[in-house]
Amino acid sequence: TILKKLFILGINTLLVEGGSELLQGFIKSGVWHEARIIRTKTKLADGISAPLLHGILQNKLQMMDDEILYIRNHQSAENE
C-alpha cells in the first residue's frame, strides 16, 4: 500500500535499511531493484543474520576490511 502511494506521488526510489523482517518482506515480494551488501572480516556483536538474497552480482568493491557487493534483482534485470 505504501509503495503504491509513493508511486502516485512520483517517488520511485526508496532506500530501505530495516530489520531482517522488513528487508525479507521486500525481498520475498520481489519489489527490490538493487541491494548493497557490506561484508566485514571484523567480528560483530551477536545479532541477527542478514536476510537471504539471490540476484546478479553487478559490482564488488574492497574498502579496507570490508567488501561491498552490488546485487541486482533477477526480475528487474530481465525487464530492462
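In the predicted model described here, strand β2 (residues 56–63) and strand β3 are antiparallel and are joined by seven bridges. Within this pairing, Asn 59 of the chain stands opposite Tyr 70 in β3. The two strands form a hairpin with two residues between them, and in that hairpin Met 64 takes a positive phi near 55 degrees. Most residues other than glycine have a negative phi, whereas Met 64, although it is not a glycine, has a positive phi of about 55 degrees. Met 64 is found in the loop between β2 and β3, and with a relative accessibility of 78% this residue counts as exposed, the threshold for that class being over 50%.

A second pairing involves the strand β1, which runs antiparallel to β3 and is likewise joined to β3 by seven bridges. Two of the partnerships with β3 can be named: Ile 38 has Ile 68 as its bridge partner, and Thr 40 has Asp 66 in the corresponding role. Strands of a sheet pair through backbone hydrogen bonds, either parallel or antiparallel. The resulting assembly is an open sheet of three strands in the order β1-β3-β2, with antiparallel pairing. Because β1 and β2 stand at the edges and each has a single partner strand, one side of each is left without a neighbour in the sheet. On average, and with direction ignored, neighbouring strands of this sheet are turned by 20 degrees against each other.

Strand β3 (residues 66–72) has six buried residues out of seven, and it is therefore largely enclosed by the rest of the structure. For the chain as a whole, buried residues make up 14% of the 80 residues. Glu 67 has its place in strand β3, and because its relative accessibility is 17%, this residue counts as buried, the limit for that class being under 20%. The side chain of Glu 67 makes a polar contact with the side chain of Arg 39, at 2.6 Å.

The loop between β1 and β2 contains Gly 55, which is partly exposed, with a relative accessible area of 29%. Gly 55 and Gln 75 are 20 residues apart along the chain, and their C-alpha atoms are separated by 8.7 Å.

At the level of the whole chain, the secondary structure comes to three helices and three strands, which follow the pattern α-α-β-β-β-α when read along the sequence. Taken along the principal axes, the C-alpha atoms fill a box of roughly 40 × 30 × 20 Å.

The analysis of empty space was then considered. Rolling a probe the size of a water molecule over the atoms shows where empty space is left. The largest pocket of the model holds about 1500 Å³ of space. Its lining consists of 37 residues, of which Val 16, Leu 23, Glu 34, Ala 35 and Arg 36 are the closest to the centre of the pocket. At least two residues of the lining are supplied by each of α1 (2–8), α2 (20–29) and β1 (34–40), and the largest share, seven residues, comes from β1. When the lining of the largest pocket is divided by class, 23 residues are nonpolar, nine are polar and five are charged. Strand β1 thus appears in two settings, as a contributor to the lining of the largest pocket and as an edge strand of the sheet.

Technical notes
Residues are numbered from 1 along each chain as its sequence is written. This is a predicted model: local features need pLDDT of at least 70, side-chain atom pairs count only at pLDDT 80 or more; totals for chains, interfaces and linings use all residues. Side-chain values use heavy atoms; hydrogens and water are left out. On a 1 Å grid over the protein atoms alone, a cavity is a set of points where a 1.4 Å probe fits but cannot get out, and a pocket is an open set with protein on both sides within 12 Å along at least five of seven lines; lining residues have an atom within 4 Å of a point. Grid points are joined across faces, edges and corners, and a volume is the space filled by probe spheres set on the points. Helices (H or I, at least four residues) and strands (E, at least two) are DSSP runs, numbered from the N terminus. Ala, Val, Leu, Ile, Met, Phe, Trp, Tyr, Cys and Pro count as nonpolar, Asp, Glu, Lys and Arg as charged, and the others, Gly among them, as polar. Buried means under 20% relative accessible area, exposed over 50%, partly exposed in between (1.4 Å probe, protein chains only). Two strands pair if DSSP finds at least two bridges between them. Axes are lines fitted to C-alpha atoms, for helices over the stretch in contact, and angles run from 0 to 180 degrees between N-to-C directions. A polar contact is a pair of N or O atoms within 3.5 Å; within protein, one must be able to donate a hydrogen and the other to accept it, and residues adjacent in sequence count only if both atoms are side-chain atoms.
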